[in-house]
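User: I have a structure open and would like some help in reading it. Could we go through it together?

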Amino acid sequence: GNAGVDYTSNDGYGLTIGSRLGASSTKIYKGYSTSEFVLKGSSTTTNTGTMPNYNVALGKIYNYGEWSNQLCSFASIGSGLTDAEAAKLYGIVQIYQINLGRQV
């Protein structure tokens, strides 16, 4: 599609969640701790394109550019999340990471 949100992070720490609900709601969330988990950007641009049918490669955009050298401690791919669902996923991931002894 062609609806998106621009967001740049200076590091790969914390959890970043990108979510698209419907044709005109795209959001990016980022957090390092529960108190710092916040919405970093949103867009209500109507998507006039179609989603591409590509494989997902973690750490690289399909058929484009170099691989990232950032570590990835958790990845999830699914349908769009509401604000409440994104916050709940963040909490679940934090508990999971703590239980593994690698809170990020």
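Analyst: Let us begin with a term: a salt bridge is a side-chain nitrogen of Lys or Arg within 4 Å of a carboxyl oxygen of Asp or Glu. Please note that this is a predicted model.

User: How many salt bridges does the structure hold?

Analyst: The structure holds one salt bridge. Lys-27 forms it with Asp-83, and their closest N and O atoms are 2.9 Å apart. This pair links distant parts of the chain, 56 residues apart: Lys-27 belongs to strand 2 (residues 26–31), whereas Asp-83 belongs to helix 1.

User: What does Lys-27 count as in terms of relative accessibility?

Analyst: Lys-27 counts as partly exposed, because its relative accessibility is 21% and the buried class requires a value under 20%. Asp-83 also counts as partly exposed, at 41% relative accessibility.

User: And strand 2 itself, is it mostly covered or uncovered?

Analyst: Strand 2 is mostly covered, since five of its six residues are buried.

User: Let me step back. Which elements does the protein have, and in what order do they run from the N terminus?

Analyst: The secondary structure consists of one helix and three strands. Starting at the N terminus, the order is β-β-β-α.

User: How are the three strands arranged in the sheet?

Analyst: The three strands form an open sheet in the order 1-2-3, with antiparallel pairing. Strand 1 and strand 3 are the edge strands, and each of them pairs on one side only. From one strand to the next, the twist averages 15 degrees.

User: How many bridges join strand 1 to strand 2?

Analyst: Six bridges join strand 1 (residues 15–20) to strand 2, and the two run antiparallel. One pairing involves a residue we have already met: the bridge partner of Ser-19 in strand 2 is Lys-27.

User: What lies between those two strands in the hairpin?

Analyst: The hairpin of strand 1 and strand 2 has five residues between the strands. Gly-22 in this hairpin takes a positive phi near 75 degrees.

User: And how many bridges pair strand 2 with strand 3?

Analyst: Strand 2 and strand 3 pair over five bridges, in the antiparallel sense. As for individual residues, Tyr-29 has Leu-39 in strand 3 as its bridge partner.

User: Back to strand 1. Which residues are on its covered face, and which on the uncovered one?

Analyst: Leu-15, Ile-17 and Ser-19 make the covered face of strand 1, while Thr-16, Gly-18 and Arg-20 make the uncovered face. As background, side chains in a regular strand alternate between the two faces of the sheet.

User: Now the loop between strand 3 and helix 1. Where is Thr-45, and is it buried or exposed?

Analyst: Thr-45 is placed in the loop between strand 3 and helix 1. Thr-45 falls between your two words: at 43% relative accessibility, it counts as partly exposed. The C-alpha atoms of Thr-45 and Thr-26 are separated by 8.2 Å, and these two residues are 19 residues apart along the chain.

User: What about Asn-69: buried or exposed?

Analyst: Asn-69 lies in the loop between strand 3 (38–43) and helix 1. Asn-69 is exposed, because its relative accessible area is 71% and exposed means over 50%. Asn-69 and Gly-59 are 10 residues apart along the chain, and their C-alpha atoms are separated by 7.7 Å.

User: Which residues make the nonpolar surface patch?

Analyst: Phe-74, Tyr-96 and Leu-100 make a nonpolar surface patch of about 280 Å². Tyr-96 is found in helix 1 (residues 83–99). Tyr-96 is partly exposed, with a relative accessible area of 42%.

User: Last topic, the protein as a whole. What share of its residues count as buried, and what does its accessible surface come to?

Analyst: The protein has 104 residues, of which 19% count as buried. The accessible surface comes to about 7600 Å², and 51% of it belongs to carbon and sulfur atoms. Of the contacts with a separation of 6 or more, 38% are between residues 24 or more positions apart.

Conventions: Residues numbered from 1 in each chain as written. Predicted model: local features only at pLDDT ≥ 70, side-chain atom pairs only at ≥ 80, totals over all residues. Heavy atoms only, no water. Helix = DSSP H or I, 4+ residues; strand = E, 2+ residues; numbered from the N terminus. Buried < 20%, exposed > 50% of the residue type's maximum accessible area, 1.4 Å probe, protein only. Contact = heavy atoms within 4.5 Å. Areas by Shrake-Rupley, 256 points an atom, 1.4 Å probe, with all protein chains shown as cover. Patch = residues over 30% accessible without salt bridge, like charges linked within 9 Å, V, L, I, M, F, W, Y side chains within 5 Å. Pairing = 2+ DSSP bridges. Axes fitted to C-alpha atoms, helices over the stretch in contact; angles between N-to-C directions.
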